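Okay, thanks everyone, let's get going. I'll put the structure up and then walk through a few spots in it.

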Amino acid sequence: MERSLAGVLFLVAAVAISIAAGAWWLQRVVFTPDSTRQTAAAMLQEVDLRQDIITVVVGASVPYTSSEDPIKTAEYMSGVLEHQVLTTRPGAAVMGPILEQAHQRVIGNRDEQVRITGPQMVEIVRDQRVAEAQPVLLPVPQVGTLASTRAALSWIMPISAVIGVIVLLLGIVTRPERRDILRGLGELCLALAVSLAVFGYLIPVHMITAIDNNTWAHIAPRLALRTAPVAAGIAVGFAVAGAALLLSARSGGGRRQWSTPLAVGRYQSGGSNPGWG
């Protein structure tokens, strides 16, 4: 199908707008998630991350809770933290403030180290005796891949959005045909579907961890998978709508512009025209 100037402009606008939308989704889901128990629970699904927390908390708590065999106490406490605290909803609520600080450090938005205080350890291990423990550092590194991705998203979103809006307005100025409008909308829907699949799943779940396999880098796929069903549903909806619009553009035969008036039939005098009488 031959593509007009308006059709080309609409295609460019669709790609730019879909990139901006996908970047916004990735930013919202992975880099600025809401501070809720669900966010902490998603991060705690990572086994190695839980192990890092258990190692630090147990090591700081055992001296205050063990009166006989510190090794057995450490093993018992580790099992309690693994099965009764860090993998439960109440435990995720307790770990929420700590993991929020850890998340900010991992993505490069916090320079200060993450510390677990004595009162916080009381809530974690459920033993008042550890209230006297000195604050301990949780070894949370700044993950360069996540920090670079966050920085890139901060300029990809506005630049793509501005380009998309400008090119879209240029396409409208060219007085497009109805066929171009329908095809442009269809291509926008398909581009949004692809963008959600790329930014909502492929990049956070596969690409980031393929580049950096650090334990704390795995919070990206955990956070992304939390909203993966929603992203998949929206993407399918956009794909279906886009396919329907493209089929309509092909079969609708939009051969007139939106601003072109409807043709008016003319009556001819004489000949075969019976007239009014």
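So, first stop: the loop between α6 (118-125) and β2 (136-138), which is where you'll find Arg 126. Keep in mind as we go that this is a predicted model. What's odd about Arg 126 is the backbone: phi is positive, about 60°, and the residue is not a glycine. Is Arg 126 buried or exposed? Exposed, because its relative accessible area is 52% and the cut-off for that label is over 50%.

There's another arginine to look at, Arg 175, and this one also isn't a glycine but has a positive phi, about 55°. Arg 175 sits in the loop between α7 (144-173) and α8 (178-211). Relative accessibility there is 46%, so Arg 175 goes down as partly exposed.

Right, on to the inside. The largest nonpolar core has 60 residues. Which of them touch the most other members? That would be Ile 53, Leu 81, Leu 99, Ile 124, Leu 138, Leu 146 and Trp 216. If you want to know which helix gives the most to this core, it's α3, residues 47-65, with eight residues.

Let me stay on Trp 216 for a second. Skipping anything within four places in sequence, Trp 216 contacts Leu 49 and Asp 52, then Leu 99, Ala 102 and Val 106, and then Leu 138, Pro 139, Val 140, Pro 141, Val 143 and Leu 146. You'll notice Leu 99, Leu 138 and Leu 146 in that contact list; those three were also among the core residues touching the most other members.

Now pockets, for those of you who dock things. The largest one holds about 180 Å³ of space. It has 15 lining residues, and closest to the centre are Asp 34, Ser 35, Thr 39, Gly 96 and Glu 100. Two helices, α2 (37-43) and α5 (89-106), each put at least two residues into that lining, and α5 gives the most, with six. How does the lining split by class? Five nonpolar, seven polar and three charged.

The second largest pocket comes in at about 160 Å³. Its lining is Phe 10, Ala 13, Ala 14 and Ile 17, plus Leu 168, plus Ile 181, Gly 184, Leu 185 and Leu 188. The elements giving two or more residues here are α1 (5-31) and α8. The class split for this pocket is eight nonpolar, one polar and no charged residues.

While we're on α8, have a look at Glu 187, which is in that helix. Glu 187 counts as buried, because its relative accessibility is 12% and buried means under 20%. And what does Glu 187 touch, leaving out residues up to four places away in sequence? Arg 3, Gly 7, Leu 11, Ala 14 and Leu 246. Ala 14 in that set of contacts is a residue we just met in the lining of the second largest pocket.

Last thing, aromatics. Searching the whole structure turns up one aromatic pair. The partners are Trp 24 and Trp 25, arranged edge-to-face, with 6.5 Å centre to centre and 65° between the planes. As for how they sit, Trp 24 is partly exposed at 48% relative accessibility, whereas Trp 25 is buried at 13%.

Okay, that's my tour. Happy to rotate things if anybody wants another look.

Methods
Residues are numbered from 1 along each chain as its sequence is written. This is a predicted model: local features need pLDDT of at least 70, side-chain atom pairs count only at pLDDT 80 or more; totals for chains, interfaces and linings use all residues. Side-chain values use heavy atoms; hydrogens and water are left out. Helices (H or I, at least four residues) and strands (E, at least two) are DSSP runs, numbered from the N terminus. Buried means under 20% relative accessible area, exposed over 50%, partly exposed in between (1.4 Å probe, protein chains only). A nonpolar core is a set of buried Ala, Val, Leu, Ile, Met, Phe, Trp, Tyr and Cys residues joined through side-chain atoms within 4.5 Å. Contact means heavy atoms within 4.5 Å. On a 1 Å grid over the protein atoms alone, a cavity is a set of points where a 1.4 Å probe fits but cannot get out, and a pocket is an open set with protein on both sides within 12 Å along at least five of seven lines; lining residues have an atom within 4 Å of a point. Grid points are joined across faces, edges and corners, and a volume is the space filled by probe spheres set on the points. Ala, Val, Leu, Ile, Met, Phe, Trp, Tyr, Cys and Pro count as nonpolar, Asp, Glu, Lys and Arg as charged, and the others, Gly among them, as polar. Rings of Phe, Tyr and Trp (its six-membered ring) pair if their centres lie within 6.5 Å; planes under 30 degrees apart count as stacked, over 60 as edge-to-face and the rest as tilted.
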